[in-house]
Amino acid sequence: SIDWLPLEERFSFYGGRISFIPDPARHRVEEPAPVDLAAPVHGPFSADFRWVTLPDWPHGPIRCTEGQAAVFEALWSFKGAEVDGERVMQRAGQSSDKPMDLFKVKAQYKDKPEREGPLFAYRALVRARKREGLYAMPCAGAAGSA
């Protein structure tokens with residue numbers, strides 16, 4: 001079928017260019033699908049490491065602080081290898097010496113899933129040899145270069 005379009009209503013001439021003006025009743029622009037920021041991209045982590053999805057955690061995706069996300073991202077970058085805690089924290093851009101420091105939950109926040117979640121994720125995903133000061137994230141090695 002052919003659509004006859006009134007030139008003045010459907011086209012504009014500006015700056016030496018002709019532009020088509022869509023008819024809102026006929027040409028509906030598809031809205032992009034919403035992006036799930038918590039969707040796992042790097043193993044259980046979202047693209048920005050701010051969310052962790054774990055099957056054993058009953059409260060949905062776990063939201064991390066920027067510092068916690070930086071620690072997870074740093075550990076992920078070492079691809080499962082054991083690394084000195086200072087090196088992990090340096091890569092994460094954090095001043096503390098131990099990754100665990102950023103995951104401690106204060107007494108008044110005990111039993112609050114939004115505060116306990118990052119600690120749960122840390123304990124589930126990070127292997128620490130505290131005496132030697134070594135930390136690793138085995139799932140990062142299993143994921144290969146993803």
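Three strands make up an open sheet, arranged in the order β5-β7-β6 with antiparallel pairing; strands here are DSSP runs of E with at least two residues, helices are runs of H or I with at least four, and both are numbered from the N terminus. Two strands are taken to pair if DSSP finds at least two bridges between them. The edges of the sheet are held by β5 (83-84) and β6 (127-129), each with a single partner strand, so one side of each is left without a neighbour in the sheet. Strand β7 (residues 134-136) runs antiparallel to β6 and is joined to β6 by three bridges. Within this pairing, Arg-129 has Leu-134 of β7 as its bridge partner.

The model described here is predicted, and local features need pLDDT of at least 70, side-chain atom pairs count only at pLDDT 80 or more, and totals for chains, interfaces and linings use all residues. Residues are numbered from 1 along each chain as its sequence is written, and side-chain values use heavy atoms, with hydrogens and water left out.

Helix α3 (85-92) is a good place to look next. Its buried residues are Gly-85, Val-88, Met-89 and Ala-92, where buried means under 20% relative accessible area, exposed over 50% and partly exposed in between (1.4 Å probe, protein chains only). These residues cover an arc of only 90° around the axis, which puts them on the same side of α3; the arc is that of the directions from the helix axis to the C-beta atoms. The face turned away from this buried side carries the exposed residues Glu-86 and Gln-90. Among the elements that cover the buried residues of α3 are α2 (66-77), β5 and β7, with contact meaning heavy atoms within 4.5 Å.

Both ends of α3 have features of their own. At the N-terminal end, Asp-84 acts as a cap, with a side-chain oxygen 3.0 Å from the backbone nitrogen of Glu-86. A polar contact is a pair of N or O atoms within 3.5 Å; within protein, one must be able to donate a hydrogen and the other to accept it, and residues adjacent in sequence count only if both atoms are side-chain atoms. Just after α3, Gly-93 adopts a positive phi of about 70°.

Positive phi values also turn up outside glycine. Most residues other than glycine have a negative phi. Phe-49, although not a glycine, has a positive phi of about 65°; this residue lies in the loop between β2 (17-20) and β3 (51-52) and is buried, with a relative accessible area of 2%. Asp-111 likewise is not a glycine and has a positive phi of about 70°. Asp-111 is found in the loop between α3 and α4 (113-125), and at 72% relative accessibility this residue counts as exposed.

The aromatic side chains offer plenty to follow. Seven aromatic pairs are counted, under the rule that rings of Phe, Tyr and Trp (its six-membered ring) pair if their centres lie within 6.5 Å, with planes under 30 degrees apart taken as stacked, over 60 as edge-to-face and the rest as tilted. In one of these pairs, the rings of Trp-57 and Phe-120 have centres 5.0 Å apart and planes at 40°, so the pair is tilted. Trp-57 lies in the loop between β3 and β4 (62-63) and Phe-120 in helix α4, so the pair ties together parts that are 63 residues apart in sequence. Trp-57 is buried at 13% relative accessibility, whereas Phe-120 is partly exposed at 28%.

The rings of Phe-72 and Phe-103 also form a tilted pair, with centres 5.0 Å apart and planes at 50°. This pair links distant parts of the chain, 31 residues apart: Phe-72 is in helix α2 and Phe-103 in the loop between α3 and α4. Phe-72 is buried at 0% relative accessibility, and Phe-103 is buried at 1%. Phe-72 and Phe-103 belong to one aromatic cluster with Phe-45, Phe-49, Trp-76 and Tyr-122.

Phe-103 also meets Leu-119, a residue of helix α4 that is buried with a relative accessible area of 5%. Leu-119 and Phe-103 are 16 residues apart in sequence and 5.1 Å apart in space, C-alpha to C-alpha. Leaving aside residues up to four places away in sequence, Leu-119 touches Met-100, Phe-103 and Val-105.

Finally, a search of the whole structure finds zero disulfides, a disulfide being a pair of cysteine sulfur atoms within 2.5 Å. Cys-64 is buried at 2% relative accessibility, while Cys-139 is partly exposed at 24%.
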